[in-house]
Amino acid sequence: TDPEMIRNFCIIAHIDHGKSTLADRMLQLTGVVQPRQMKAQYLDRMDIERERGITIKSQAVRMPWEHAEDTYAFHMIDTPGHVDFSYEVSRSLDACEGALLLVDAAQGIEAQTLANLYLAMEHDLVIIPVLNKIDLPAAMPDKYAAEIAGLIGCEPEEVLRVSGKTGEGVEELLDRIVEEVPAPEGDAEAPARAMIFDSVYDTYRGVVTFVRVVDGSLGHREKIRMMSTGATHELLEIGVSQPEPKPTQGLGIGEVGYLITGVKDVRQSKVGDTVTSQARPADELIRGYQEPRPMVFSGLFPIDGSEFPVLREALEKLQLNDAALNFEPETSTALGFGFRVGFLGLLHLEITRERLEQEYNLELISTAPNVVYEVTDESGETHQVTNPSEFPEGKIADIREPIVDATVIVPAEFIGPVMELCQSRRGAMQGMDYLSEERVEIRYSMPLAEIVFDFFDNLKSRTKGYASLNWQGTGEQSADLVKVDILLQGDKVDAFSAITHRDQAYDYGVKMASKLKDLIPRQQFEVPVQAAIGSRIIARENIRAIRKDVLSKCYGGDISRKRKLLEKQKEGKKRMKMVGTVEVPQEAFITALSSE
Ligand code: GDP
Ligand code: MG
């Protein structure tokens, strides 16, 4: 295809502002999906995406569009909307020349809209501002057009008004794409270079790699080379998504499509890498390649210890489709055999856990997630600590923790509660801007560890659900952190060790000690439950002698949970773990780890 006739764009939007629905209308209007095949959120294929209503893996669709008697080829690249996947978002933006900035006409700009807008601007994309859902009675298009115009520096009249639901304004939008998004440019004579912006595992076809060609071209049956690793593969199939895969003879400058080489593991075809031709390789990657870096770690343990091999197999299978997932075996005295798993963020963790439970029928316990610390001991040696158990013993010279820039957008009446929350999470205010008279953007620099736990839930409840949040890693910073251990009868219970700020160590210790006191049944002898920093005890409770039933102490009236516990208890002593001389029912661990 002549690059002049190609337009590559993505849609950036806050979650629920209607990206998938608008994409559906475009598929219909351009005729690539017939009305009777149409189902809502056509492109969100993975079940888990459908359930959660979020797009995790990006997709690229080719659509024809007639404009002024010419036929153009559009490639619409669907980007993941969540901060956990910011590296993938950034690679998807690299594949585009333009971005539709989609804003819900009843909601206005939200934190993710802003974050993605800034990213798109960094990538020099042409921005087309669009207000969506204008059919809603609650829509306030004039108000939000002014907000958008103020933000990106255009006239309010230039903000398009559409409804993904009714289709109103969508044809006009497609014409604007032809007129405003620049055609791709590249060197047709140069050695082939194509950038990988997505890579998915398909049970039948192996890995399907999505690329955008920058220079030269790639052809059917050609031998290709992955530039970051030097690995070579034969192209078994090359084609475009319409959105069903359609094989072609090749892909040229500016074209977006897929490659199939028969490899079985997405780590052999990495997002961000450059594909070149083996016969005439390019010298330089399109952009420096970055390995995905896990930000949050958690231990995953099967409740039934005999399921350890199933868990291993399940993680290996998920890894085929998720280059960012990494894990290694871990043994815990309290929880038995499991894995230490690294994730891009909390959503990534939740999705993975949900898939393990749903698709592989595993029942899991997970330890409290923690971020990665850089700990320098007295001798000057630096350790990457992804697990509290790796925290060096003895004197510590320095501890560094990851820091993020967090942006919160809220109605002005909630400024107070938001600042209070951020301050209590060790945040340092960076600035505040009014988007309009009643809405503000508040910026804080904060430790990632303070955000990954229950920050968002807390923020939502303090702002009646109005706040939106986004953040971006900015590096590491020294902090006064300590490791708190929990001891039963003087023995450490590894699953409860945590790295916290010194000021929060006492609270954590008291909370865990009193929780365990309530959860662990009385033994034949008195059992002290203690919290300690090193050898210094900071909290203590006693479990008095004499047995007691575990259920009578299990708070709350959740019948199904109680029934589950009862069933578990019937299995008897098998489910008891010994910590030193203390018998602890496994449920005590589960409950202590799961409830806030
Ligand atoms: P996404 O998260 O940005 O992909 O948003 P979706 O496309 O999944 O839409 C989120 C919700 O908004 C769904 O319930 C849609 O039916 C609804 N929605 C999307 N576009 C429109 C629209 O133009 N008008 C109305 N009334 N609802 C819409
Ligand atoms: Mg969606």
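The following exchange concerns a predicted model and asks what stands behind some of the terms used for it.

Reader: Why is the pair Phe197 and Phe210 called tilted?

Author: The ring centres lie 6.4 Å apart, and two rings pair if their centres are within 6.5 Å, so this counts as a pair. The planes stand at 45°; under 30 degrees would be stacked and over 60 edge-to-face. The angle falls into neither class, and the pair is therefore tilted. By this rule there are 7 aromatic pairs.

Reader: Where in the chain do Phe197 and Phe210 sit?

Author: Phe197 belongs to strand S7 (residues 193–202) and Phe210 to strand S8 (residues 206–215). The two are 13 residues apart, and the pair links distant parts of the chain.

Reader: What makes S11 and S13 the edge strands?

Author: Each of them pairs on one side only. The sheet is open, has 8 strands with antiparallel pairing, and its order is S11-S10-S16-S7-S8-S15-S12-S13. Strand S11 covers 232–234 and strand S13 covers 245–247. On average, neighbouring strands in this sheet are turned by 40° against each other, direction ignored.

Reader: How do you know that S12 and S13 pair?

Author: Pairing requires at least two bridges. Strand S12 (residues 237–241) is joined to S13 by 3 bridges, so the requirement is met. The two strands run antiparallel. Ser241 has Pro245 in S13 as its bridge partner.

Reader: What is found in the loop between S12 and S13?

Author: Pro243 lies there. A cis peptide bond joins Gln242 to Pro243, with omega at about -15°.

Reader: What makes the approach of Ser20 to ligand 1 a polar contact?

Author: A side-chain N or O atom of Ser20 is 2.8 Å from an oxygen atom of ligand 1, and the limit for a polar contact is 3.5 Å, so the pair qualifies. For Thr21, a polar side-chain atom is 2.6 Å from a ligand oxygen atom. The side chain of Asp135 places an N or O atom 2.7 Å from a nitrogen atom of ligand 1. Alone, the ligand exposes 570 Å², of which the protein buries 77%.

Reader: Which residues surround ligand 1, and of what kind are they?

Author: The shell has 17 residues, with Asp16, Lys19, Ser20, Thr21 and Asp135 the closest. It divides into 2 nonpolar, 10 polar and 5 charged residues. Helix H1 (residues 19–29) gives the most, 3 residues. Asp16 is in the loop between strand S1 (6–13) and H1, and has a positive phi of about 75° although it is not a glycine.

Terms used
Residues numbered from 1 in each chain as written. Chains lettered and ligands numbered in written order. Predicted model: local features only at pLDDT ≥ 70, side-chain atom pairs only at ≥ 80, totals over all residues. Heavy atoms only, no water. Helix = DSSP H or I, 4+ residues; strand = E, 2+ residues; numbered from the N terminus. Axes fitted to C-alpha atoms, helices over the stretch in contact; angles between N-to-C directions. Near = heavy atom within 4 Å. Polar contact = N/O pair within 3.5 Å; in protein donor to acceptor, adjacent residues only side chain to side chain. Areas by Shrake-Rupley, 256 points an atom, 1.4 Å probe, with all protein chains shown as cover. Nonpolar A, V, L, I, M, F, W, Y, C, P; charged D, E, K, R; others polar. Phe/Tyr/Trp six-rings, centres within 6.5 Å; stacked < 30°, edge-to-face > 60°.
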